[in-house]
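Open the model in your viewer and keep the selection panel at hand. This tour goes from an enclosed space to the side chains packed together in the interior.

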Amino acid sequence: MGRSDRAANLYALALERDPDNWFIRLQLASCLANSRQPRAAARQYLVLARRYVERGFLNDALELGRWILELDPCEFSHANIADIALAIGSPAVSLCRRASHVHREAGRNSYAADLLLLCGRLDPNDIEPWQDLGQLYFEHEMRSEAAWALRQAGMLLLEAGDHRRFVDFAYTILWLEPDNLDTRHELSRVLVKMGQSHEAAVEHGESVKAVKAVEHVESVEAIAAVEQTEHEDSLRVVELRPVKSPPEPELWFVDLVAS
């Protein structure tokens, strides 16, 4: 047993007698890290980070978050970090985004998605986590989810008055989900404001077609085929969607997927 291992055992015994002693816990975590027990060390730092947040030492808690990510990224998960990050607020966004990239590279995509959603809560005005989340969903053929994530970013751009970028996002959303009526309505209104009346008329026409298609489906039986199975009441509903050649997606989206 090495010196760090022996020291860790001694600090663990001391911590049992005085569990609220921050210095002892910090020394224990350091010894565990030095004795090649990164997960155990990260868990001790998690406990300390929560204590720091309780006392208002938010910068110290953020620094411990960096140590946790470096020691054992699996411990930097939404379940472990969310309460700490939410207490810290927007300064934690950068670290959580970095953690999401680490998880993506390791194939832990659900961890990455959860952390990007957390970033959206930490800074409601930041579009980049939503953009990253849309890309992540698209890479896994989750087109509707990708459109939803990009729509969150698009609404932020719309609220900020960034019409040019909103249009780029809107066309990407419609490429993913052509029957997204809300996005199509907003796009036509923004195009009018930008003086692009022809493009606005095209999108308005597509909106009218989509609405009529939906009304038609609702006005007749929505059952296109009945599958004969052992359950006589088993029905298959075929959804009617308007047909349209989708516009090309925004270049940043395609380039990332291609790479």
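Start with the largest cavity of this predicted model, which has a volume of about 70 Å³. A search of the whole structure finds 2 cavities of 30 Å³ or more. Rolling a probe the size of a water molecule over the atoms shows where empty space is left.

Select G65, I81, I84, I88 and L95 next. Of the 13 residues that line the largest cavity, these are the closest to its centre. What kinds of residue make up the lining of the largest cavity: nonpolar, polar or charged? The lining has 12 nonpolar residues and 1 polar residue, with no charged ones.

Now colour three helices: α4 (58-71), α5 (78-88) and α6 (93-105). Each of them supplies at least two residues of the lining of the largest cavity.

Then show F76, I84, A85, C96, L118 and L122 as sticks. These residues have the most contacts inside the largest nonpolar core, which has 28 residues. Two or more residues of this core come from each of α3 (38-55), α4, α5, α6 and α7 (109-122). The largest share, 7 residues, belongs to α3. In soluble globular proteins, nonpolar side chains tend to be buried together.

Stay on F76 and display its surroundings. Leaving out residues up to four places away in sequence, F76 touches G65, I68, L69, I81, L95, C96, A99, H103 and L115.

For the last stop, select W130, L133, Y137 and L150. They are among the 27 residues of another core, which lies apart from the largest nonpolar core.

How values were computed
Residues are numbered from 1 along each chain as its sequence is written. This is a predicted model: local features need pLDDT of at least 70, side-chain atom pairs count only at pLDDT 80 or more; totals for chains, interfaces and linings use all residues. Side-chain values use heavy atoms; hydrogens and water are left out. On a 1 Å grid over the protein atoms alone, a cavity is a set of points where a 1.4 Å probe fits but cannot get out, and a pocket is an open set with protein on both sides within 12 Å along at least five of seven lines; lining residues have an atom within 4 Å of a point. Grid points are joined across faces, edges and corners, and a volume is the space filled by probe spheres set on the points. Helices (H or I, at least four residues) and strands (E, at least two) are DSSP runs, numbered from the N terminus. Ala, Val, Leu, Ile, Met, Phe, Trp, Tyr, Cys and Pro count as nonpolar, Asp, Glu, Lys and Arg as charged, and the others, Gly among them, as polar. A nonpolar core is a set of buried Ala, Val, Leu, Ile, Met, Phe, Trp, Tyr and Cys residues joined through side-chain atoms within 4.5 Å. Buried means under 20% relative accessible area, exposed over 50%, partly exposed in between (1.4 Å probe, protein chains only). Contact means heavy atoms within 4.5 Å.
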